[in-house]
Structures are given as structure tokens and as C-alpha cells.
Amino acid sequence: MRFRYDEQIESQPDAVLAVLEKRVPQLDLSRPLLFSGQGSSFFAARVAAAWAGYPAQAVEAHDLALRGAIPEEAQVVAVSHSGAGFTAAILRKARAAGAQTFAVCGEGARVDADAVVATCPPERAQTHSVSYVTALTALGKMLGLDLGQAPRLLRDAVAAPAPIPEAGRLREKQPVLVTGFGLDAIAAAEAALKLKEATFKWAEGLPVEQVLHGPLAALDEKMGAVLFPPGQDDGGRYALLRSLLGSLGVEVIELSILPCSEALRPLVSIVPAQRLAAELARLTGGDPDESRNVAYPPA
């Protein structure tokens, strides 16, 4: 069975190239930056805040709309594929505070911001992929990052052998832990969301160090783990966790991630996880095209 989700994953290199060819507004790193989103859009916001560095923050859209204060001198970047959810409330609140507003949204989204950057057309599968990597691309460009090698790396990633054997090893495992270090910890959260949406199985994304502080007590041989191998020195913590998972009988899958720069890694590392979600869905009766989350408003 071939999903529309597969086609979306394969379209990501061209979609990212299209965003790279656009002119986008530049963010001022000398002023406060607030990135917001929900679901995958929030994970993209977290990556952007990490790229920007202190004092940039990523705040869930729900919280920023109803709780968080917005300074007058801030730049507020609302990330949302649909422009729905709390996007409009955040932008109204930011304007009322005197802040500068930006929206990074899918094509056709109706938003009122000082600057709008369109990412990609509406996705044909309810488990989103293209909107995530194109939002990352737009945010990276707005921050002045060099992402020029992303389309080539993404082509190589989607052309790699499908993770069918790895999916087979996870077929009977539930729940699934997904973990990584640094920016990969954010990718792990996004990957866990894709696994839930595509396979209807529970998955949880946690940073490596957090897994080592408490959650190990809940792991056993009925579970699986998807690991993002670190692209830089993590003080040996990944290797320690890998060893401990093995001793507990957890089925461990290590993703194969192409070597790349720290800036490019969030775009590249997520592709193997997206493809794993598709293969596992094929084996377990999941459906990334028609996910069970349809009762909820799009992010």
C-alpha cells in the first residue's frame, strides 16, 4: 500500500528549494524574539528559538495567546500550517502590545501580520511532513542561516533504502520511546507525533538525558525505542542510554542520519523518522493519510 504521505515525504526536497528561492523578511537578533506554534508548528518554533539563541523563546500558541506577556519591542513569529487555532489571537495580542508580527503559514492561510511567509500548499495527508520542513526552511532563512545544501541532502535522505526491517522490529512493540540530544531532542518530539498520527500507537519523544532520570524505571521488553544518534559530542550519554535500553530488553532502532551541519540537521534528521512512521503504518494497519486526529482543529 502506498500512502499520500509517502508522496509528501518525497516532495520535500523540491518544496524546500521553493522556499529557499523566496525573498523573506529578516529577523533582528538584537531584539526579543517570540516564536509560537502548536503540534509540529511548535516543534519548528522550538528549533527556530534554538537557532536564534538566547534570549529567543518558543512558546506554545495556547499559552502565548492566553497567558504569556508580549513586550512592545518583541518580534512575534506565529508558525501555523493552516493559520487556524490560536494564530489570530496571538497576532492580535502582539499588535496590541506594539510588537512586530510575522506569520509563517501554509499557502492560502488567511492571517493578518506585518509580514507573511508562505511555506507550502495544503498537505494531502493528515500526517504532515512538508509543512514542517518548509516552516523550518522559512524560519532558518529569516534568521540568516545557510540552508543551501538542504534540497540535495533531502533528496539523498528520501532515496535511502526504506526502513522496512526496522519497522518490522517495532511492529509488536508498544509504546515507543523516541529520543535524541540537542536539536535532535526536538526532532524526537516531532517523530513521536508522526508515529502516533500515522500508526495509532503511543510514542513519546524525550531528550536523552531526561530518559536517564526516571523514565528508565518504566521501560521493559514490550517497548521499542527509536534513537537519533548524536551528530556531536554528548558526553557519552547516548551510548550509556543505548546500553541500558539493551539491558532492559527494549527493542532499539537507531536512525541513519546523513552527516550535515548543525543548522541543517533538523531538516535532514526528521526524514528517516517520517519514513519509519510510514513503514510501520503499513505493517500495523495505521493510516497517515486519514489520521484519527480529525476531530481537532488544524495547527
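Biologist: This is a predicted model, I gather. By the ring-pairing rule, how many aromatic pairs does the count come to?

Modeller: Yes, the model is predicted. To count as a pair, ring centres have to lie within 6.5 Å. With that rule, the count comes to one aromatic pair.

Biologist: Is the pair formed by Phe 42 and Phe 43 stacked, edge-to-face or tilted?

Modeller: The two ring centres are 6.3 Å apart, and the planes make an angle of 45°. Under 30 degrees would be stacked and over 60 edge-to-face, with the rest in between. Both residues are buried, by the way. So, going by those cut-offs, the pair of Phe 42 and Phe 43 is tilted.

Biologist: Which ring does the charged end of Lys 196 sit over?

Modeller: Lys 196 belongs to the stretch 183–199, which is helix 8. Its charged end is 4.6 Å from the centre of the ring in question. That ring belongs to Trp 202.

Biologist: Now the sheets. Which strands stand at the edges of the five-stranded one?

Modeller: That sheet is open, with parallel pairing and the order 2-1-3-4-5. A strand at the edge has a single partner, so one of its sides is left without a neighbour in the sheet. Here that goes for strand 2 (57–60) and strand 5 (115–118).

Biologist: Which residue of strand 5 stands opposite Cys 105?

Modeller: Strand 4 covers residues 100–105 and pairs with strand 5 in the parallel sense, over four bridges. Opposite Cys 105 in strand 5 stands Ala 118.

Biologist: At about what angle does helix 5 run to strand 4?

Modeller: Helix 5 takes in residues 130–142 and lies across strands 1, 3, 4 and 5. Val 104, for its part, is in contact with residues including Ala 135, Ala 138, Leu 139 and Met 142. The angle of helix 5 to strand 4 is about 145°.

Biologist: And in the sheet of four strands, what is the bridge partner of Val 176?

Modeller: That open sheet runs 7-6-8-9, again with parallel pairing. Strand 6 (residues 176–180) pairs with strand 7 over five bridges. In strand 7, the partner of Val 176 is Ala 203.

Biologist: Last one: how many residues are in the largest nonpolar core?

Modeller: Those with the most contacts inside that core are Phe 35, Val 77, Val 104, Tyr 132, Val 178 and Phe 228. A second, separate core has 15 residues, including Val 208 and Leu 212. For the largest core, the number of residues is 73.

Key: Residues numbered from 1 in each chain as written. Predicted model: local features only at pLDDT ≥ 70, side-chain atom pairs only at ≥ 80, totals over all residues. Heavy atoms only, no water. Core = buried A, V, L, I, M, F, W, Y, C linked by side-chain atoms within 4.5 Å. Buried < 20%, exposed > 50% of the residue type's maximum accessible area, 1.4 Å probe, protein only. Contact = heavy atoms within 4.5 Å. Phe/Tyr/Trp six-rings, centres within 6.5 Å; stacked < 30°, edge-to-face > 60°. Lys NZ or Arg CZ within 6 Å of the ring centre and 35° of its normal. Pairing = 2+ DSSP bridges. Helix = DSSP H or I, 4+ residues; strand = E, 2+ residues; numbered from the N terminus. Axes fitted to C-alpha atoms, helices over the stretch in contact; angles between N-to-C directions. Lists of a residue's contacts leave out its neighbours within four places in sequence.
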